[in-house]
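Please look over the sequence and the fold below before reading on. The report that follows goes through pockets, cores, strands and single residues in turn.

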Amino acid sequence: MNSVIIVAAGSGKRMNMDINKQFIKLNKKEIVAHTIDAFYKNDNIDEIIVCIKREEEELFKDKIINKYKFNNIKIAYGGKERQDSIYNGLKCLDNKCDIVLIHDGARPFVDDRIINESIEVAKEKRAVVVGTPVKDTIKVVLNGSIKDTPNRVNLWAAQTPQVFEYKLITKAYEEAYENNYYGTDDSMLVENIGQEVTMIMGSYDNIKITSPEDISIGEQILRLRK
Ligand SMILES: Nc1ccn([C@@H]2O[C@H](COP(=O)(O)OP(=O)(O)OP(=O)(O)O)[C@@H](O)[C@H]2O)c(=O)n1
Ligand SMILES: C[C@](O)(CO)[C@H](O)COP(=O)(O)O
């Protein structure tokens, strides 16, 4: 059983708008609806859990689930941090779940190739991150001065979905909370318990809608897909 946890319970501070960025429309459809649709239409996804803000439950049911007829979707409530939202989602998974995909609701351009390949590799390797080789030279900066320039050949930008064997990700989360360990992605928690994680190619289209300039980039991605 392949289950996806879509996290959409953030505050969207960097978007600096008075609505949750998940409900911003790209090409007349809400960002989170684009994201859910990608998994809802994928034949390899058996269970969908969406983590939302408790106070947005009615809005989400009305404007997303009922409007787009996303039947059989489960709802979990978000937490203070992204990791807390995912932990709440993990607790809602069907006990027959084998593979867990964890995906940002703010990444609406995920496609079938990424979903299918990440599931296939996770079944063999137990842990997979989707990403892209960085194009810029990356600098490590402390107090305004450059301390290091890692070799670009080895640098990838992590995206989502991040995909794991169910037992592995639940163990990683349990150990993270036992040690009050917080990561900016799920792979960090799995790396932290010594498990090798495989990186596979995502897409430069698979952007996270984070700040205002990403809206026009997202609309252009949709235009080019038509
Ligand atoms: N407590 C949180 C924080 C984030 N997220 C989700 O995690 C994804 C990636 O997080 P990010 O892009 O940082 O979203 P926000 O946290 O909402 O943005 P910001 O950091 O600008 O407030 C988003 O789909 C967001 O909704 C979540 O479900 N619960
Ligand atoms: C998980 C992630 O999308 C990988 O790049 C990223 O770390 C999320 O960061 P955010 O600050 O919670 O958006």
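## The second largest pocket

In this predicted model, the strand β10 gives the most to the lining of the second largest pocket, contributing three residues. That pocket holds about 290 Å³ of space, and of the 17 residues that line it, R107, T132, A157, Q159 and I207 are the closest to its centre. The elements that give two or more residues to this lining are β7, β10 and α7, the last of these spanning residues 213–225.

Sorted by class, the lining of the second largest pocket has eight nonpolar residues, four polar ones and five charged ones.

## The largest pocket

The largest pocket has a volume of about 810 Å³, and 33 residues line it, with G10, R14, K21, R82 and K208 the closest to its centre. Two or more residues of the lining come from each of β1, α3 (82–90) and β10 (156–165). The largest share, four residues, is supplied by β10, the strand that also gives the most to the lining of the second largest pocket.

By class, the lining of the largest pocket divides into seven nonpolar, 15 polar and 11 charged residues.

## The nonpolar cores

The largest nonpolar core has 30 residues, and within it I36, F39, V50, F60 and L101 touch the most other members. At least two residues of this core come from each of β1 (2–8), α1 (31–40), β4 (47–52), α2 (57–68), β6 (99–104), α4 (112–125) and β7 (127–133). Apart from this core lies another, of 20 residues, which includes V100, I102, I169 and A172.

What does L101 touch, leaving aside residues up to four places away in sequence? Its contacts include N2, S3, V4 and I5, then F39 and I45, then I115, S118 and I119, and finally P161, Q162 and V163.

## Strand β1 and helix α1

Because seven of the seven residues of β1 are buried, this strand is largely enclosed by the rest of the structure. Its side chains point in two directions, with N2, V4, I6 and A8 going one way and S3, I5 and V7 the other, and all of them are buried. The strand β1 pairs with β6 in the parallel sense over six bridges, and in that pairing I6 stands opposite H103 of β6. Six bridges also join β1 to β4, and these two strands run parallel, with S3 standing opposite E47 in β4.

The helix α1 is mostly covered, since nine of its 10 residues are buried. The buried residues are I31, V32, A33, H34, T35, I36, D37, A38 and F39; I36 and F39 are also among the residues that touch the most other members of the largest nonpolar core.

## K29 in strand β3

The residue K29 is placed in strand β3, which covers residues 29–30. Is the lysine at this position buried or exposed? K29 counts as buried because its relative accessibility is 18%, which falls under the 20% cut-off for that class. Not counting residues up to four places away in sequence, K29 touches I24, H34, D37 and Y68, and of these H34 and D37 are listed among the buried residues of α1.

## V121 and strand β11

The residue V121 belongs to helix α4. V121 is buried, because its relative accessible area is 15%, again under the 20% cut-off. Beyond residues up to four places away in sequence, V121 touches R126, V128, T198 and I200. The C-alpha atoms of V121 and S187 are separated by 15 Å, although these two residues lie 66 residues apart along the chain.

Two of the contacts of V121, T198 and I200, belong to strand β11, which covers residues 198–201 and has side chains that alternate along its length. T198 and I200 point to one face of β11 and are buried, whereas M199 and M201 point to the other face and are not buried. Four bridges join β7 to β11, and the two strands run parallel. The bridge partner of V128 in β11 is T198, and both V128 and T198 are touched by V121.

How values were computed:
Residues are numbered from 1 along each chain as its sequence is written. Chains are lettered from A and ligands numbered from 1 in the order in which they are written. This is a predicted model: local features need pLDDT of at least 70, side-chain atom pairs count only at pLDDT 80 or more; totals for chains, interfaces and linings use all residues. Side-chain values use heavy atoms; hydrogens and water are left out. A nonpolar core is a set of buried Ala, Val, Leu, Ile, Met, Phe, Trp, Tyr and Cys residues joined through side-chain atoms within 4.5 Å. Buried means under 20% relative accessible area, exposed over 50%, partly exposed in between (1.4 Å probe, protein chains only). Contact means heavy atoms within 4.5 Å. Two strands pair if DSSP finds at least two bridges between them. On a 1 Å grid over the protein atoms alone, a cavity is a set of points where a 1.4 Å probe fits but cannot get out, and a pocket is an open set with protein on both sides within 12 Å along at least five of seven lines; lining residues have an atom within 4 Å of a point. Grid points are joined across faces, edges and corners, and a volume is the space filled by probe spheres set on the points. Ala, Val, Leu, Ile, Met, Phe, Trp, Tyr, Cys and Pro count as nonpolar, Asp, Glu, Lys and Arg as charged, and the others, Gly among them, as polar.
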